[in-house]
Every structure is written in structure tokens, then in C-alpha cells.
Amino acid sequence: MTESFIRQRKNVFIVNGILLFSFLAKVEISKLTFAGISFSGFGNPQAVYCFLWIMWGYFGYRFVIYFIEDEKESFSDCWERELERKVSPALMGIAKKSAIDTDNEEELNEESVAGYYQTKRNNWILHFQKNIGSKYSTHDIENVKLPISRRKIIAPTCFAVARFCFLTPVLTNYILPLVLCFFVFLVVGFAAWEGALPLVFS
């Protein structure tokens with residue numbers, strides 16, 4: 001992750017943590033310290049919550065912008081890597097079954113088997129080559145186009161998605177901050193307490 005994105009991610013955690021703590025601890029704001037200056041005796045404590053919610057929106061917006069600018073490519077690379085790692089072997093198995101005839105005289109050219117994304121770009125047509133006969137020459141190669149039912153690869157696809165979400169850094173780096181933002185907005189923002197959005201901005 002880039003340093004600029006890490007800063008935005010940190011800010012998102014901080015402002016969401018403050019709002020979540022204020023909600024759970026039923027905090028009544030009577031004093032605020034900002035940039036070394038202490039403020040006390042608020043006539044309108046909801047102004048503080050208004051400031052926090054504005055910061056929540058600002059930092060959330062910057063998190064998304066920096067994600068698109070700095071981290072989108074890494075996110076996509078991780079996604080593609082997990083799908084290729086889990087689904088491509090399943091496609092290889094399908095190709096092997098198709099390449100072997102009843103006389104066992106046909107052999108799959110494994111290097112020619114298309115991967116997940118290439119098959120997807122080909123409208124779920126699996127491309128591969130099989131060698132025919134006992135002497136493998138350029139004249140003994142058959143190009144095969146095999147339609148693939150997505151139901152045959154749904155299990156490895158789900159496994160790849162689960163691994164991507166829970167067993168890669170994507171969970172803590174990208175998903176968790178967004179989930180926390182949505183949770184704070186929906187639960188904290190509309191709960192019955194003095195910092196709720198309808199009360200603050202009414």
C-alpha cells in the first residue's frame with residue numbers, strides 16, 4: 001500500500017472509532033481538545049457530532065479516491081490471481097476428460113489450456129489442443145473449442161472468492177474499512193442517541 005493510502009485508511013479507522021465509541025459509551029460531550037486548544041461548556045454539543053460526521057464523509061471520500069488512484073490495480077491483481085489459482089485447475093480437469101478418447105490415443109497439450117479469464121473472454125468457450133496418435137508433430141494437433149457450463153466451476157469460484165475475502169490482506173486493507181464505514185453509517189447514524197444523523201442535521 002502507498003503511504004498516502006495508508007494515511008486515509010488510518011483516518012477512516014479513527015473517525016469511525018470515535019463515532020462508534022461515542023455511541024456505545026453514551027458519551028456526553030462537555031469538553032473538546034483540538035490542536036492543543038481545549039473547548040468546554042458547549043451550548044450546542046450536537047455541533048461536535050456534526051463536525052465528526054462531516055469528517056466521516058470527508059475521510060471516507062478520500063479513502064475511496066485514493067483506493068481508485070493507488071490501490072485498485074493491486075486489488076484487481078489479487079482478485080485475478082485467486083480466481084486463476086482455484087478455477088484454472090478445474091478447467092484443466094475438464095479439458096483432460098474431454099481430450100482422452102475411448103482408445104486412450106489422444107493426449108492433452110496442457111500448455112495450451114486456456115485459463116479462467118481467457119475462457120471468460122471467449123464467452124465461456126474453453127480453448128485447448130490435443131495431440132493425436134503416437135507421433136506428435138504439428139500435423140497431429142487438434143484445436144478444440146469446448147463450451148463450459150458455469151455450474152461446473154461454481155465450487156472453485158466460490159472457494160476463490162472466499163479465500164480472496166478472508167485469507168488475503170484485502171480483508172484488512174480494503175474491505176474492513178468499508179464495512180466499518182457502512183456499519184457506522186447505518187447503525188450509529190440512525191440509532192436513538194444525541195449524535196444520530198437525523199438529530200444532528202435537523
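This report describes the fold, the salt bridges, helix 5 with its nonpolar patch, and a few loop and strand residues of a predicted model.

## Overall architecture

The protein has six helices and five strands, and along the sequence these elements follow the pattern α-β-β-α-β-α-β-β-α-α-α. Of its 202 residues, 33% count as buried. A search of the whole structure finds two salt bridges, whereas the search for disulfides finds zero. Two cysteines can nevertheless be placed by their accessibility: C158 is partly exposed, at 47% relative accessibility, while C181 is buried, with a relative accessible area of 10%.

## A salt-bridge network around E82

Side chains of opposite charge can pair when their charged atoms come close. In this model E82, R85 and R163 are linked in a network of salt bridges, and E82 takes part in the pairing with R85 as well as in the pairing with R163.

In the pairing of E82 with R85, the closest N and O atoms are 3.4 Å apart. Both residues belong to helix 2 and are separated by three residues, about one turn of the helix. This spacing can be read against a general property of the α-helix, which has 3.6 residues a turn, so residues three or four places apart point the same way.

In the pairing of E82 with R163, the closest N and O atoms are 2.8 Å apart. Because E82 lies in helix 2 and R163 lies in helix 4 (residues 154–166), this pair ties together parts that are 81 residues apart in sequence.

How do the three residues of the network stand in terms of burial? E82 is buried, with a relative accessible area of 2%, so it falls under the 20% limit used for that class. R85, at 40% relative accessibility, is partly exposed, and R163, with a relative accessible area of 25%, is also partly exposed.

## Helix 5 and the nonpolar patch

Helix 5 (170–188) has 19 residues and spans 25 Å from its first C-alpha to its last, close to the 27 Å expected at 1.5 Å a residue. The helix is bent by about 40 degrees at L176, and a proline, P177, follows within four residues. Its buried residues are V170, N173, Y174, P177, L180, C181, V184 and V188; for C181 the relative accessible area is 10%.

Helix 5 also contributes to the surface. A nonpolar surface patch of about 800 Å² is made by V64, I68, L178, F182, F183, F185, L186, V187 and F190. Which helices supply at least two residues each to the nonpolar patch? They are helix 2 (46–99) and helix 5, and helix 5 gives the most, with six residues. Among the patch residues is V187, which is found in helix 5 and counts as partly exposed at 34% relative accessibility.

## The loop before strand 4, and Q129

Most residues other than glycine have a negative phi, and most peptide bonds are trans. Against that background, N123 has a positive phi, near 60 degrees, although the residue is not a glycine, and W124 likewise has a positive phi of about 60 degrees without being a glycine. N123 lies in the loop between helix 3 (116–121) and strand 4, and W124 is placed in the loop between helix 3 and strand 4 as well. Are these loop residues buried or exposed? N123 is exposed, with a relative accessible area of 62%, whereas W124 counts as buried at 12% relative accessibility.

Strand 4 itself (residues 125–132) contains Q129, a residue that is partly exposed at 24% relative accessibility. Q129 and S112 are 17 residues apart in sequence, yet their C-alpha atoms are 5.8 Å apart in space.

## Accessibility of selected residues

The table collects values for residues discussed above.

| Residue | Relative accessible area | Class |
|---|---|---|
| E82 | 2% | buried |
| R85 | 40% | partly exposed |
| N123 | 62% | exposed |
| W124 | 12% | buried |
| Q129 | 24% | partly exposed |
| C158 | 47% | partly exposed |
| R163 | 25% | partly exposed |
| C181 | 10% | buried |
| V187 | 34% | partly exposed |

Terms used
Residues numbered from 1 in each chain as written. Predicted model: local features only at pLDDT ≥ 70, side-chain atom pairs only at ≥ 80, totals over all residues. Heavy atoms only, no water. Disulfide = S-S within 2.5 Å. Buried < 20%, exposed > 50% of the residue type's maximum accessible area, 1.4 Å probe, protein only. Patch = residues over 30% accessible without salt bridge, like charges linked within 9 Å, V, L, I, M, F, W, Y side chains within 5 Å. Areas by Shrake-Rupley, 256 points an atom, 1.4 Å probe, with all protein chains shown as cover. Salt bridge = Lys/Arg side-chain N within 4 Å of Asp/Glu carboxyl O. Expected span 1.5 Å × (residues − 1). Bend = angle between axes of the 7 residues up to and from the residue.
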